[in-house]
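Colleague: Could you walk me through one part of this model in detail, strand by strand and contact by contact? Pick a spot in the middle of things and work outwards from there.

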Amino acid sequence: EEDAAVEAQTAGGTTGDEQKEEAMTFHPEDIGDRQGDERRDRVAEANASANPPIILDLCGGTGAWSRPYTEAGYDVQLITLPAHDVCTYQPPENVYGILAAPPCTMFSIARRTAKTPPDFEDGMKPVIGCLRIIWQCRVNGSLKWWALENPRGLLRQFLGKPPLTFQPFWYGDPWTKATDLWGYYQLPRKHITQLAENHQWESFK
């Protein structure tokens, strides 16, 4: 999996509808790498002196996932409700990278106990919106990488098995939440964080 030729966790498994309150740990280009401080400084210096690459953070809530890119000097554009709807949003030219975290509500395994069945048609609308933006930016020729995340669940039935399913503690956060990641991205190096002895594991396969 370390050799996958494909560039982004969710922070502790947070999703678009959970507003990304926690810090994201899985980032393309090793921006989130704890050992990448010097590299980030070089990127920030280069970006400050030119037109910085554009990163779109789709359904990004508070923008926690994309924050390291902002700090590194990228032009991060947060595309999230209520200001922007991915279903109608038209991306700018020259988008360099895309992070996408569509709401997981209708795909959550936790809905097994819900009184009403999942509305997949409604749940797929933002997913399709994110993919449309990704496709459009790639067709324009500028997109270098993209990543779409969701907690492991029923979205697999629509997008297939992702190239990576990971746990937050693999990349520095002391908790577990199996997270699927689709896209075209480069895997950062793992930095395993020790979990508490009394940590209760979720089912993870």
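Modeller: Let's start at a bridge: Gly 97 sits across from Trp 145, which belongs to β4. Before going further, keep in mind that this is a predicted model, so local features need pLDDT of at least 70 and side-chain atom pairs count only at pLDDT 80 or more, while totals for chains, interfaces and linings use all residues. Residues are numbered from 1 along each chain as its sequence is written, and side-chain values use heavy atoms, with hydrogens and water left out.

For orientation, the protein has 4 helices and 6 strands, where helices (H or I, at least four residues) and strands (E, at least two) are DSSP runs numbered from the N terminus. Along the sequence they come in the order α-β-α-β-β-α-β-α-β-β.

Strand β4 covers residues 145-151, and 6 of its 7 residues are buried, so the rest of the structure largely encloses this strand. Buried here means under 20% relative accessible area, exposed means over 50%, and partly exposed is in between, using a 1.4 Å probe and protein chains only. For the protein as a whole, 49% of the 205 residues count as buried.

Now the partners of β4. Strand β3 (residues 95-100) runs parallel to β4, with 4 bridges between them; two strands count as paired if DSSP finds at least two bridges. Strand β6 (residues 179-184) is antiparallel to β4 and joined to it by 6 bridges. One of the residue pairs there is Glu 149 with Leu 181 of β6. While you look along these strands, remember that in a regular strand the side chains alternate between the two faces of the sheet.

The link from β3 to β4 goes by way of helix α3 (residues 120-139), and the three make a right-handed β-α-β unit. Right-handed means that, with the strands pointing away from the viewer, the path from the first strand over the helix to the second runs clockwise.

Within that helix, look at Val 127. Val 127 is buried, with a relative accessible area of 0%. Beyond residues up to four places away in sequence, Val 127 touches Pro 102, Phe 107, Leu 155 and Leu 159, contact meaning heavy atoms within 4.5 Å. Cys 59 is 68 residues from Val 127 in sequence, yet their C-alpha atoms are 9.6 Å apart.

Cys 59 is worth a stop too. Cys 59 lies in the loop between β1 (54-58) and α2 (67-71), and counts as buried at 10% relative accessibility. Its phi is positive, about 55°, although Cys 59 is not a glycine. Asn 94, in the loop between β2 and β3, also has a positive phi, near 65°. Asn 94, though, is exposed, at 56% relative accessible area. That loop also holds Pro 82, and the peptide bond from Leu 81 to Pro 82 is cis, with omega near 5°. As background, most residues other than glycine have a negative phi, and most peptide bonds are trans.

Back to the cysteines. Cys 130 is buried, with a relative accessible area of 0%. The closest cysteine sulfur to that of Cys 130 is in Cys 59, 3.9 Å away, which is too far for a bond. A disulfide here is a pair of cysteine sulfur atoms within 2.5 Å, and the structure holds 0 of them. Cys 137 is buried as well, at 1%.

Cys 137 also turns up among the contacts of Leu 143, together with Val 95, Tyr 96, Gly 97, Ile 98, Ile 134 and Arg 138, leaving aside neighbours within four places in sequence. Leu 143 is in the loop between α3 and β4 and is buried, with a relative accessible area of 8%. Leu 143 and Ile 98 are 45 residues apart along the chain, with 7.9 Å between their C-alpha atoms.

Last, the rings. Trp 145 is linked by ring pairs into a cluster with Tyr 69, Tyr 74 and Tyr 96. Rings of Phe, Tyr and Trp (its six-membered ring) pair if their centres lie within 6.5 Å, with planes under 30 degrees apart counted as stacked, over 60 as edge-to-face and the rest as tilted. The structure holds 7 such aromatic pairs.
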